[in-house]
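Visitor: I'm new to reading protein structures. Could you walk me through this one?

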Amino acid sequence: MRKRWRLGQINDALVGKLAGELDILPLTARLLVNRGIEDAGAASGFLTPSLKDLHDPFLFKDMEKAAQRVCRAVMEREKIAVYGDYDVDGATSAAVAYLFFKEIGVDVICYIPDRALEGYGVNAKALDGLKERGASLVITVDCGSSDYEAIGHANALGLDVIVTDHHEMPLLKPPALAILNPKQEGCGFPFKGLAGVGVAFNLLMAVRAVLRLKGWFKGEAPNLRKLLDLVAIGTVADMVPLQDENRIFVSYGLKELNGLPRPGLLAMLEAARIKSGEASAETIGFQIAPRLNAAGRLKQAKAAFDLLVTDDALIAAGLAAELNRENALRQRLEDEILNDALGMIAPDASDRGIVLAAHVWHPGVIGIVASRIVERFGKPAVMIAIDGDVGKGSARGTRKFNILEGLRTCSALLERFGGHKAAAGLTVSGSNIESFRQEFIAYCNGVLSDDDLVPEMRLDAYVELGDIDMRVAGELGSLAPFGQANKEPLLVLANARIVQTEVFGVAKKHLRLKLDHNGSSGDGVGFGLAGLHPMKGDGFAVAFSPFIDTWQGAKKIKLRIKDVQKDREP
């Protein structure tokens, strides 16, 4: 599908002022302005993130109450249960809390539900088990905001519950002792884009502060910085905006990950063939997170949690190998389900939404496939795996479509649903699937136009290939880590000549490209762009991100190709 390219209007005077004040290239200044950073102070903070710029965790609504309750549990030697989730954000959240409590001598246990048997969120049976194991305080991480009945059950058992979460709040809040969620009404925490692991980390900062005031620590208080590798992984994996606190967490977390990684992450880096010191937000998103997610998608997320918390290198190696195998199986299942799904979609379908359901699909993989359907067709997509008379679905939205709002309009037909603007999950009775499909698609047809379905690429600037040197690549790299709300810089060459293209990779999905542009030559690689092959000749516009490739000690600038279009003028 041809993408719509958009180049924002730029205030040249503002770009020049910022470049002069910071002694940076005008191109770098333009990229900062493109990201809404328009003064030297904000730009300096963006380019050099600092832990000193983290917000006061006590700005969270209920934080004082939560921190005091946790500290009482610590000082009175209560058993604390951490209730997690089966995705990467949930597993890292649980690991961060577990490791902190273990370090300060707390009797702590962790529970992560089974995706297939229990589904998302807190459930009564699990709470019964935690009570039987002696827990008196339950801290949820990356879940709990929608679990009114289950938390009411916890209260009846005599369990205190503290919810730490970042999902959208329902109208009816659960009856927890405290709720830490930046999205709840009345919460004064200024940054609303935290992942679940970021919320959990803020609780730990507050608990440490209160324990320090109470004189609990006999020596040095725990150094929370060493947990930021896990915070970074959970933050990147959950695709929250890499702004504000998230940018600080990921920047410092990558330093920890590229320093002396904990045994589990070292084993994972080796399994993913990521060289020492080369972990990035991109490698987290495309190599580490899928492997950690694989266990929760196909079996149990406990393996991922165990990998993150173990201090035994031998155990870590075995768990990393297991996750590698599960990830390979996940990839095969994903391809099979995608092929099934594509066969169910009419090539000339005019509906502006897609709902597909089948009995043979694995519920742990359909979310990934839904994302790929959205990428291919530009339409909101819902994939439903049917087991007996129950359908478990994963839904993905688009740039112009809030998927959570779309599900809300069909809520009378759903057993439950929840999530974000871009991604959500649902449970639906088998007898209601067809009615849901019709109602959801009717809503999509009513609120979306054909123009809304055209995917967009936001361009930063048109450039000359000959101007892309080591200084440019270095300054652009200073904008990292890249991710949601801080995309990798996207530059464009106008009227380039493509000399040669070839496909590569085991599955022949990727593209190599040689090009000339106004007397300068360059090499590029486009992952997943093999469908553009073959291309040759003049008059091509090439959208790309530059990167520095190191081979046998020699450095060379290459182009990471994002899109190529014919006959497009700047």
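Guide: Sure, and let's start with a word we'll need: a pocket is an open set of grid points with protein on both sides within 12 Å along at least five of seven lines. Keep in mind that this is a predicted model.

Visitor: Okay, how much space lies in the second largest pocket?
Guide: Picture probe spheres set on the grid points; the volume is the space they fill. For the second largest pocket, that comes to about 300 Å³.

Visitor: Which elements give two or more residues to the lining of that pocket?
Guide: The lining has 17 residues, and the closest to the pocket's centre are Ala 42, Phe 46, Gln 243, Asp 244 and Arg 247. By type, the lining divides into 6 nonpolar, 6 polar and 5 charged residues. The elements that give two or more of them are helix 3 (40-47) and helix 10 (244-257).

Visitor: On to the sheets. In the sheet with the order 3-2-4-5-6, which strands stand at the edges?
Guide: This open sheet has 5 strands, and the pairing is parallel. An edge strand has a single partner strand, so one side of it is left without a neighbour in the sheet. That describes strand 3 (107-111) and strand 6 (178-180).

Visitor: Which residue in strand 6 stands opposite Ile 162?
Guide: Strand 6 runs parallel to strand 5 (residues 160-164), and 3 bridges join the two. Opposite Ile 162, you'll find Ala 178.

Visitor: At what angle does helix 6 run to strand 4?
Guide: Within this sheet, neighbouring strands are turned by 20 degrees against each other on average, direction ignored. Helix 6 (residues 124-132) lies across strand 2 (79-83), strand 3 and strand 4 (135-141). Its angle to strand 4 is about 140 degrees.

Visitor: How far apart in space are Ser 136 and Asp 85?
Guide: Ser 136 sits in strand 4. Leaving out residues up to four places away in sequence, Ser 136 touches Arg 69, Glu 78, Lys 79, Gly 158, Leu 159 and Asp 160. Asp 85 is 51 residues from Ser 136 in sequence, and C-alpha to C-alpha the two are apart by 20 Å.

Visitor: What about the sheet with the order 7-8-9-11-10: which are its edge strands?
Guide: That one is an open sheet of 5 strands too, with mixed pairing. Its twist averages 15 degrees from one strand to the next. Pairing on one side only marks out the edges, which are strand 7 (354-358) and strand 10.

Visitor: Which helix packs on that sheet?
Guide: Look for one touching strand 7, strand 8 (381-387) and strand 9 (390-396). Its direction makes about 45 degrees with that of strand 9, and it's helix 15 (residues 366-377).

Visitor: Which residue is the bridge partner of Gly 418 in strand 11?
Guide: Strand 10 (residues 416-419) and strand 11 (residues 423-429) run antiparallel, joined by 4 bridges. A hairpin links them through 3 residues. The partner of Gly 418 is Gly 425.

Visitor: Last one: how many residues apart in sequence are the parts that Lys 226 and Glu 103 tie together?
Guide: The structure holds 33 salt bridges. One of them pairs Lys 226 with Glu 103, with the closest N and O atoms 3.3 Å apart. Lys 226 is in the loop between helix 8 (196-213) and helix 9 (228-237) while Glu 103 is in helix 5 (residues 88-103), so the salt bridge ties together parts whose separation in sequence is 123 residues.

Conventions:
Residues are numbered from 1 along each chain as its sequence is written. This is a predicted model: local features need pLDDT of at least 70, side-chain atom pairs count only at pLDDT 80 or more; totals for chains, interfaces and linings use all residues. Side-chain values use heavy atoms; hydrogens and water are left out. Two strands pair if DSSP finds at least two bridges between them. On a 1 Å grid over the protein atoms alone, a cavity is a set of points where a 1.4 Å probe fits but cannot get out, and a pocket is an open set with protein on both sides within 12 Å along at least five of seven lines; lining residues have an atom within 4 Å of a point. Ala, Val, Leu, Ile, Met, Phe, Trp, Tyr, Cys and Pro count as nonpolar, Asp, Glu, Lys and Arg as charged, and the others, Gly among them, as polar. Axes are lines fitted to C-alpha atoms, for helices over the stretch in contact, and angles run from 0 to 180 degrees between N-to-C directions. Contact means heavy atoms within 4.5 Å. A salt bridge is a side-chain nitrogen of Lys or Arg within 4 Å of a carboxyl oxygen of Asp or Glu.
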